[in-house]
Every structure is written in C-alpha cells, then in structure tokens.
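Let's take a friendly walk through a protein model, going from its links to its core and its loops. Keep the 3D view open and find each residue as we reach it.

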Amino acid sequence: MRVSPLLLAAALAIPGRAHAFCGFYVGGAGAKLYNNATEVVLMRQGTTTVLSMENNYQGPPSQFAMVVPVPAVIKREQVQTLSRELFDKIDTLGAPRLVEYWEQDPCAPEMVEEEGQALGAVDDRDEDAAPEKASHAYHVKVVAQFSVGEYDIEVLSATESTGLDHWLRDHHYTIPDGAEPLLRPYVEQGMKWFVAKVDPNKVKFDPKTKMATLSPLRFSYDSPEFTLPIRLGLANSSGTQDLIVNILAPGDTRYEAANYPNVLIPTNLQVTDQVRARFGEFYAALFDHAIAAQPHAVVTEYAWATSSCDPCPGPTLDGGDLATFGADVLGARYQDVNDFTLTRLHARYGKDLGQDLVFRAVDKIEGGRGVPDAHGEIAMQPTQHAGTNNFQGRYMILHPWQGAIACAAPRRGNWGEAPAGGQQQQIATATNTAFAPRGGVQLASLIAKDAPQIGLMTSTPITPPPPVPRPQACGGCETRGPAGGGSFALIGLVGLALRRRRR
C-alpha cells in the first residue's frame, strides 16, 4: 500500500468533529496540534496503490511531524508534493449537489433537440537513503531519510511498539497518551513508519488562526491488500471523526467497504427553498439520518466517470489530473487514458472503531439523475447492477410555472433553466460537511415531497399553485398542480463553516 505523507493522524486535541487520519501528529513538549480538514485520494490498479492526502495544520509555528504506518519502505522517488487546487477539483466533482429547475412556459412552441500536466514538483535535495542507523535500545531503525518540499522525512522500522513509543518521546516529540496500544498491531504486522517532519520556515502561518495549509503529498506502494489505516487516528480523537475517501480506478470499477456495512446516500430528493441557504446543514442532517439507520456504515456519495458529470459543479478530471494522482505510476497504458471512475466514500466513526478500512470492487450503479415528470415525481431508488456508473447525491428545488396559461393544450412538466432575465447561478455543493452546523434543522421540514423510502414525511407539504383562470380566447385551457423536471439552472455555492480550502 502506498501511503501519502498526509495520511496523517487526527490532531492531538481536535474539538468536536474533525476529519480522520491514518496516523497522528507529534510535536514539541506541550504543543497543541490540530488538523481540521483532510482529503484522501487513492488510485488503485492490481496490487499498486497511490495515496495522496491534503490537510491543514493548526498549532504553534514550531517543528512538528506526521507519523503514518506504511507497508514497505518508502523511497525518495515515491514521494511527491501536489497542488492544492487539484484537491479542490476532485472534492467539488464528487460532492453532493443542489440544483434548481424551473417549469417552462406550458404554451411555448415545442422544441426538438438534435442529438448530437505537470506533476507536483519535488525538491532535488539529498535523496540518498540513510544507512540503517540502529537505535538498539528502542528496537527502532532509521532505514531511509530524504526531503521533499517542506517535509524532512525518516522511514523507521520497529520491532516493539513500546520501543517506537519511547523513541518518539525521547526524540522530543509529544505523542498522544494511550498511543502505544494503537501502535502495537501495526508493529506486529511488520509495518514501517513514515515520519514527516515539517520545517516551519517553509510554511506560511496565518498569525490570527495559527493555521497553515501543508502541501499535499503523494505516495505509492505495492500491496495485495487495499486498505486504509485509520485506527491510529483514534489516538488524537476527542470525539467523532469524519473521513472522505476518493478512489480512482481505471475503467468502470466502483469500490465500497469490504468490512463495514455500506449504504447509498438518499438521492433525487425534492427540497424546499430554505435549503438554498442551508445546504450544508441540510446535507449533514441527511447524512446523519442515513447512518442512524445503519450504524458504522460507509456511505457512497458518488460513482461516475471522471470525464463527465450531469450536472457539473465544476470541471471534470483530465489526463493531466489523473497522471498527477498516480496514473503515471500504474504504467504507460494508463497515462493517456481518461477512462477512470471516481468513487467517493464518506464515513463517520468514534472511539468504538474496530478495524481499518478494507475496500473491494463491486457492481456498477446508477442513481441521482433524470428529471421529474409532469407531476413532479422522480425515481429515488438507485439501480444496482447497472450498465455504467452514474450515481450522485443530487437534491432539487422545483419552481412550477407561475405565469398565465393561454393555450388550448398546455404542456406541463417541461423543466429547464430560469426564465429569461432570471439569475443563472452555479450549482451548490456540500463540501466539508464535518463542520456544518448540526441540530438546528428539522430534516423533514426541508423535504418538499414525502420520501417514505427513507422514512421521511414532509411536515410542511408544498401547496400546488392555484389554477390560473381561463382566458376568454383560449377555448377551454386547464391547469394542473406543479410538475417537475428538465434541464437545470445552477445554484450558487453555499459557504460552509470552517471551509477546508486554502483560498
């Protein structure tokens, strides 16, 4: 398994909810370290895994390090720094989205449509592996040393978890209390330890927030097991942690958890106008509702080809993006291929976490697409065993036609963009929902139509607009209640609290 240096651990004392990590931070004596945003990207083919991770650091601007278990010795040529913008791109592409549809003029003439990179730079500093310096008293060896960007990296081998615990402490790093039992299973498995020290002179700290965004790191490794070590994050956990994993796989391969329950996020829900300004809160409540019904579940939020999307909240991934995330490591046959599938998985867990995440390839799925019919209805249930992966978390605000209807045969339920002169906005995406406010919304009150499939019945049903009086010249027009669907106009991005981005 190849692990990115940013597979870091949870911060020493993250308040409330925070994203989960695959290791932990260590700092100087008494240092309080925090990490409040992380994005993991895995690329997998055969036994090769490329893992990249981005996260923010909050704490004193002094030297600190990230400690991550890896299955093999990581060499200098296997580590790169990546651009932060690329993580924004993949996060937006797979995030749950909110769109608005406006019913078009029922009397408008019917229109017939015709069918019709550079990799992240790394330092060229010393990359010679250090001689195997033995710290015999600790049963720890430093088997490699090199520098990349703001990171000075040591790769350790350890035969005793207590020795590793003492080595870190005696080298002036304060590690979380109770970490040794969490280190033990990885030491017994023969895992190596990736220790990435951060040079504070190469990191820009915000003097007010004491926050620094570290360069994303990418690792590669070979392992027959496709896993993500997340138990170590419990050493820094003060509560519930969130983990979002993006998996990129050649072709039409979708992934899910092999050792935890899996659920699909409810999709194609019609929501009220209130959701426009509270999309983060709405989605956080919906996510909590989904995992309350299936505790410890891993939630699939997205499974779609990287070269397309509908609707698209941002650009798709191109060949250069895929190469940066690891296609170059998979071999020449994948470097010029844009046919990859992005699977986005979301988990939330606490101190009761029992196992690291293990992934498996599963059947293709469709859901969260299409448009409502003339009665505003749209299929909510995803299609398993589909012909292709087209699944997304999508939520809709419908605007029935409010104008006059002056024709003999009005066509209701033709949905599209806002009327001429209306505001055309962007799609809203629910990102960084670990920090969305919770407990302040009644989920059922934000649903515009009953959703008995997931146990939600609207507490404030949407009343259809009253019939429009017949014009004298129309010869017997009639109106019906609100209908649904067609193309979309886009909603502006909803800002979420503590946005992870480094804008």
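A disulfide is counted here when two cysteine sulfur atoms lie within 2.5 Å of each other. In general terms, a disulfide is a covalent bond between the sulfur atoms of two cysteines. Please keep in mind that this is a predicted model.

## The whole protein

Let's begin with the overall picture. The protein has 503 residues, and 56% of them are buried. Its accessible surface is about 20,600 Å², and carbon and sulfur atoms account for 50% of that surface. Along the chain there are 6 helices and 29 strands.

## Two disulfides

How many disulfides does the rule give? The count comes to 2.

One disulfide joins C309 to C312, with sulfur atoms 1.9 Å apart. The torsion about its S-S bond is 120°, and this link is right-handed. Are its two cysteines buried or exposed? C309 counts as buried because its relative accessibility is 12%, whereas C312, at 33%, counts as partly exposed. Between these cysteines in the numbering you can find the peptide bond from D310 to P311, which is cis, with omega near 0°. P311 sits in the loop between strand 20 and helix 5 (319-330).

The other disulfide is formed by C107 and C407, whose sulfur atoms are 2.1 Å apart. Its S-S torsion is about -75°, so this disulfide is left-handed. C107 has a relative accessibility of 25% and therefore counts as partly exposed. C407 has a relative accessible area of 17%, so this cysteine is buried.

## Salt bridges

Side chains of opposite charge can pair when their charged atoms come close. In this protein the count comes to 12 salt bridges. The table shows some of them, each with the distance between its closest N and O atoms.

| Arg residue | Acidic residue | N to O distance |
|---|---|---|
| R412 | E103 | 2.7 Å |
| R276 | D273 | 3.7 Å |
| R278 | E281 | 3.0 Å |

How do these partners sit in the structure? R412 has a relative accessibility of 10% and counts as buried. Its partner E103 is buried too, with a relative accessible area of 2%. In the pair of R276 and D273, R276 is partly exposed at 28%, and D273 is partly exposed at 45%. The remaining pair in the table is mixed: R278 is partly exposed, with a relative accessible area of 29%, while E281 counts as buried at 16%.

Salt bridges can also link up into a group. Here D91, E301 and R344 are joined in a network of salt bridges.

## Helix 1 and the nonpolar core

D91 leads us to helix 1, as this residue is among the buried ones there. Helix 1 covers residues 84-94, and 9 of its 11 residues are buried, so the helix is largely enclosed by the rest of the structure. Its buried residues also include L86, F87, I90 and L93.

Now look for the largest nonpolar core, a group of 31 residues. Which members touch the most other members? They are L269, F282, L286 and Y395. The elements that give two or more residues to this core are helix 4 (279-293), strand 20 (298-305) and strand 26 (394-399). Helix 4 provides the largest share, with 8 residues.

L286 is a good place to zoom in. Setting aside neighbours within four places in sequence, what does L286 contact? The residues in contact with L286 are P266, L269, Y395, L443, I454 and L456.

## Two residues with positive phi

Let's finish with two loop residues. N268 has a positive phi of about 60° although it is not a glycine. This asparagine lies in the loop between strand 18 (262-264) and strand 19 (269-270). N268 is buried, with a relative accessible area of 3%.

H385 is not a glycine either, and its phi is positive, near 55°. You will find H385 in the loop between strand 24 (383-384) and strand 25 (390-392). Is H385 buried or exposed? With a relative accessibility of 62%, H385 counts as exposed, because the cut-off for exposed is over 50%.

Terms used:
Residues numbered from 1 in each chain as written. Predicted model: local features only at pLDDT ≥ 70, side-chain atom pairs only at ≥ 80, totals over all residues. Heavy atoms only, no water. Core = buried A, V, L, I, M, F, W, Y, C linked by side-chain atoms within 4.5 Å. Buried < 20%, exposed > 50% of the residue type's maximum accessible area, 1.4 Å probe, protein only. Helix = DSSP H or I, 4+ residues; strand = E, 2+ residues; numbered from the N terminus. Contact = heavy atoms within 4.5 Å. Salt bridge = Lys/Arg side-chain N within 4 Å of Asp/Glu carboxyl O. Areas by Shrake-Rupley, 256 points an atom, 1.4 Å probe, with all protein chains shown as cover.
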